[in-house]
Amino acid sequence: MRDEKLVTAAFVSLDGVMQAPGAPQEDPTGGFTLGGWTVNYWDEPMGGFMDGIFTEPFALVLGRKTYEIFAAHWPFVGKDDPIGRAFNAATKYVATTSAEPLTWENSVALRGDAAAEIARLKQEDGPDLLTQGSSGLLQTLLVHDLIDELRLLTFPLILGPGKRLFGKGTKPAALKLTASSVSTTGVIMSVYERAGKVDTGSFAMAEPSQAELARRERMKREG
């Protein structure tokens with residue numbers, strides 16, 4: 001028996017936005033107008049990277065809004081779509097406070113404390129857990145230090161305001177880069193594993209100058 005690993009796979013802009021990557025109507029929350037920003041970057045290397053995410057058995061962990069987006073799309077793509085087949089067959093754990101029924105096959109509602117429920121799932125013997133989208137839920141997972149691996153596709157664009165992968169509640173952590181490649185369109189595809197705490201150092205002189213000491217005191221006063 002082994003604990004399940006929680007993997008977060010996400011599309012992010014260079015400034016960390018992950019909102020509505022697939023279509024203009026996907027998530028206009030907050031007046032976001034740039035939905036569909038990943039579409040024109042897709043190529044064969046990106047397809048290979050995505051296929052690698054879904055190669056091993058997995059269960060999806062989704063926030064309610066991402067679940068609704070997926071449930072309105074993947075059951076209707078047809079049996080020839082490999083991602084659709086994988087998503088439809090997988091168990092979907094949905095963090096939600098809504099009493100509305102979950103209509104997509106193999107869906108399980110997590111209506112209590114999402115962090116506690118997902119921590120419990122990680123202790124069970126089963127396939128790894130995989131998040132997709134779900135920026136709100138990701139903030140909870142980051143605050144409670146529940147993510148074991150990040151698989152990120154970083155796109156060469158800046159989106160400005162929007163839902164971000166790493167929000168204010170993110171805890172400091174060191175990561176180990178275990179794989180990296182670049183698509184023909186400039187998308188950086190990276191895999192990171194946890195690597196403990198942040199280890200700091202210093203390039204400062206052993207004996208700081210008087211100017212440096214004065215600067216430090218000024219920083220203390222200014223906050």
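**Entry 1: terms and overview**

I begin with a definition I need for the helices: two elements are in contact when heavy atoms lie within 4.5 Å of each other. With that in hand, I looked up helix H5 (residues 135-143), which lies across S1, strand S2 (58-63), S3 and S5 and runs at about 105° to S2.

I note early that this is a predicted model. The mean pLDDT of the protein chain is 95, and 99% of its residues reach 70 or more. Among the elements, I found the lowest mean pLDDT in H3, at 94, and the highest in S6, at 98.

I then listed the elements and found six helices and eight strands in the protein chain, which follow one another from the N terminus as β-α-β-α-α-β-β-α-β-α-β-β-β-α. The C-alpha atoms fill a box of roughly 70 × 40 × 35 Å along the principal axes. Of the 223 residues, 37% are buried. I also looked at contacts with a separation of 6 or more, and 68% of these are accounted for by residues 24 or more positions apart.

**Entry 2: the sheet**

In what order do the strands of the open sheet lie? I read the order of its eight strands as S4-S3-S2-S5-S1-S6-S8-S7, and the pairing is mixed. The edges are formed by strand S4 (107-110) and strand S7 (175-182), each of which pairs on one side only. On average, neighbouring strands of this sheet are turned by 20° against each other, when direction is ignored.

I went on to single pairs of strands, starting at the S4 edge. Strand S3 (residues 92-95) pairs with S4 in the parallel sense over four bridges, and Lys 92 has Ser 107 in S4 as its bridge partner.

Next I turned to S1, which runs parallel to S5 and is joined to that strand by four bridges; here Thr 8 is matched with Thr 131 in S5. S1 also runs parallel to S6, with seven bridges between the two, and in this pair Val 7 has Glu 149 in S6 as its bridge partner. Is S1 mostly covered or mostly exposed? I found seven of its eight residues buried, and noted the strand as mostly covered.

**Entry 3: helices against the strands**

I looked up helix H1 (residues 44-53) and saw that this helix lies across strand S1 (6-13), strand S5 (128-132), strand S6 (149-155) and strand S8 (188-194), running at about 160° to S6.

Which residues of helix H3 (residues 82-89) are buried? I noted Gly 84, Phe 87 and Asn 88. They cover an arc of only 95° around the axis, and therefore sit on the same side of H3. These buried residues pack against S2, helix H2 (64-71), S3 and S5. At the start of H3, I found a side-chain oxygen of Asp 81 reaching to within 3.0 Å of the backbone nitrogen of Ile 83.

I repeated the search for helix H4 (residues 114-122), where the buried residues are Ala 114, Ala 115, Ile 118, Leu 121 and Lys 122. Why do they line one face of the helix? Seen down the axis of H4, they fall within an arc of 125°, so they line one face. The buried residues of H4 pack against S1, S2, S3, S4, S5 and H5. The N-terminal end of H4 is capped by Asp 113, which has a side-chain oxygen 3.0 Å from the backbone nitrogen of Ala 115.

**Entry 4: two single residues**

I chose Thr 154, which is found in strand S6. Is Thr 154 buried or exposed? The relative accessible area of Thr 154 is 18%, and because the cut-off for buried is under 20%, I entered Thr 154 as buried. Leaving out residues up to four places away in sequence, I found Thr 154 touching Val 12, Ser 13, Leu 14, Gly 186, Val 187 and Ile 188.

I then looked up Pro 161, found in the loop between S6 and S7. With a relative accessible area of 72%, Pro 161 is exposed, since the cut-off for exposed is over 50%. I also checked Pro 161 against Phe 32, which is 129 residues apart along the chain, and the two C-alpha atoms are separated by 7.6 Å.

Definitions and conventions
Residues numbered from 1 in each chain as written. Predicted model: local features only at pLDDT ≥ 70, side-chain atom pairs only at ≥ 80, totals over all residues. Heavy atoms only, no water. Pairing = 2+ DSSP bridges. Axes fitted to C-alpha atoms, helices over the stretch in contact; angles between N-to-C directions. Buried < 20%, exposed > 50% of the residue type's maximum accessible area, 1.4 Å probe, protein only. Arc of directions from axis to C-beta. Polar contact = N/O pair within 3.5 Å; in protein donor to acceptor, adjacent residues only side chain to side chain. pLDDT = per-residue confidence, 0-100.
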